[in-house]
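Here is a short report on one protein chain. Have the sequence and the 3D view open while you read.

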Amino acid sequence: SQPPKHRADRRSGKAGKAGEHDATTVFVRRIPVDVNDIEGVLKKHFEQCGPVVDVRLGRTHSGDPKGFAYVQFESAESAAKAISKLDGSSVGGTNSYGHPSVMSVVQAVQGG
């Protein structure tokens, strides 16, 4: 029997578990929690580094944003560019602590 697929993996058709990422995915902390359509805003912001495949927003059980997201690019080069270019950037709004949102962009931890 196979383990259940991660929700985002069902959309893409790729098998995998939560927490498994490759070099095309970045982890973004301190995203604004008060911006409408934050997934679309993040996608547009990160597309300056290359084509974005998916934006997965962390949410609470009630559906509220948790203040982090995973952004998956078509290539590892685009992900590396996002880390170097967009770490410390902002799309406006405030983070989950009520402070102006300045995002931290790092390589997503690879699963094993």
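The text below goes from the overall fold to the sheet, the helices and the aromatic rings.

**Overall fold**

This is a predicted model. The protein chain holds three helices and four strands. Along the sequence they follow the pattern α-β-α-β-β-α-β. Of the 112 residues in the chain, 35% are buried. The accessible surface of the chain is about 6,600 Å², and carbon and sulfur atoms account for 50% of that area. Look also at how far apart in sequence the contacting residues lie. Among contacts between residues at least 6 apart, 61% join residues at least 24 apart.

**The sheet**

In which order do the four strands of the open sheet lie? The order is β2-β3-β1-β4, and the pairing is antiparallel. Strands β2 (52-59) and β4 (104-107) are at the edges. Each has a single partner strand, so one side of each lacks a neighbour in the sheet. From one strand to the next, the twist averages 25°. In general, strands of a sheet pair through backbone hydrogen bonds, in a parallel or an antiparallel way.

Now take one pairing in detail. Strand β1 covers residues 25-29, and strand β3 covers residues 65-73. Five bridges join β1 and β3 in the antiparallel sense. Here Phe-27 stands opposite Tyr-70 of β3.

**Helices on the sheet**

Two helices are listed below with the strands that they meet.

| Helix | Residues | Strands met | Direction |
|---|---|---|---|
| α2 | 38-46 | β1, β2, β3 and β4 | about 140° to β2 |
| α3 | 76-86 | β1, β3 and β4 | about 145° to β4 |

Helix α2 lies across the strands in its row. Helix α3 packs on the sheet and touches β1, β3 and β4.

**The aromatic rings**

How many aromatic pairs does the structure hold? There are four. One of the pairs is Phe-68 with Tyr-70. The ring centres of Phe-68 and Tyr-70 are 6.3 Å apart. Their planes meet at 85°, so the pair counts as edge-to-face. The cut-off for that class is over 60 degrees.

Ring pairs also bring Phe-27 into the picture: Phe-27, Phe-68 and Tyr-70 are linked into a cluster. Tyr-70 thus appears twice, as a member of this cluster and as the residue opposite Phe-27.

Are Phe-68 and Tyr-70 buried or partly exposed? Buried means under 20% relative accessible area. Phe-68 has 24% relative accessibility, so Phe-68 counts as partly exposed. Tyr-70 has 22%, so Tyr-70 counts as partly exposed too.

How values were computed
Residues numbered from 1 in each chain as written. Predicted model: local features only at pLDDT ≥ 70, side-chain atom pairs only at ≥ 80, totals over all residues. Heavy atoms only, no water. Pairing = 2+ DSSP bridges. Helix = DSSP H or I, 4+ residues; strand = E, 2+ residues; numbered from the N terminus. Axes fitted to C-alpha atoms, helices over the stretch in contact; angles between N-to-C directions. Contact = heavy atoms within 4.5 Å. Phe/Tyr/Trp six-rings, centres within 6.5 Å; stacked < 30°, edge-to-face > 60°. Buried < 20%, exposed > 50% of the residue type's maximum accessible area, 1.4 Å probe, protein only. Areas by Shrake-Rupley, 256 points an atom, 1.4 Å probe, with all protein chains shown as cover.
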